[in-house]
Amino acid sequence: MPHRLVQIGYSPWSRRAKQALRAEGIAFEKTEYIPMVAEPWLRYVTGRWRGAVTVPVLLPDDGPAVCDSAEIARWASA
């Protein structure tokens, strides 16, 4: 099962995360984030119960959530 990238399609940060994953040849599925509707689910999968919830978020099939496009790029290159 490929990794899941929670994103907002028009976001430059989401684009940056997708580029990093593609550059490393990592397969992923995109899931569009809809604020207010998907926020409780995103809080659950990331474990962030307080504060801001932002995307992109990578949900690897074998580990914890990776938040922020720069962290996703670091994860991809590791």
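Two strands count as paired if DSSP finds at least two bridges between them, and helices (H or I, at least four residues) and strands (E, at least two) are DSSP runs numbered from the N terminus. What you're looking at is a predicted model, where local features need pLDDT of at least 70, side-chain atom pairs count only at pLDDT 80 or more, and totals for chains, interfaces and linings use all residues. Residues are numbered from 1 along each chain as its sequence is written, and side-chain values use heavy atoms, with hydrogens and water left out.

Let's start with the sheet. It is open, has 4 strands in the order S2-S1-S3-S4, and its pairing is mixed. Strands S2 (28-32) and S4 (66-67) are the edges, each pairing on one side only.

Strand S1 (residues 3-7) runs parallel to S2, joined by 5 bridges, while 3 bridges join S1 to S3 in an antiparallel way. Here is who stands opposite whom:

| Residue in S1 | Partner | Partner's strand |
|---|---|---|
| Gln 7 | Glu 32 | S2 |
| Leu 5 | Lys 30 | S2 |
| Leu 5 | Leu 58 | S3 |

Is S1 mostly enclosed or open? With 4 of its 5 residues buried (under 20% relative accessible area, 1.4 Å probe, protein chains only), S1 is largely enclosed by the rest of the structure.

Now zoom in on Ser 14, which sits in helix H1 (residues 12-23). Ser 14 counts as buried because its relative accessibility is 0%. Leaving aside neighbours within four places in sequence, Ser 14 is in contact (heavy atoms within 4.5 Å) with Leu 5, Gln 7, Ile 8 and Pro 56.

Note on methods. Buried means under 20% relative accessible area, exposed over 50%, partly exposed in between (1.4 Å probe, protein chains only).
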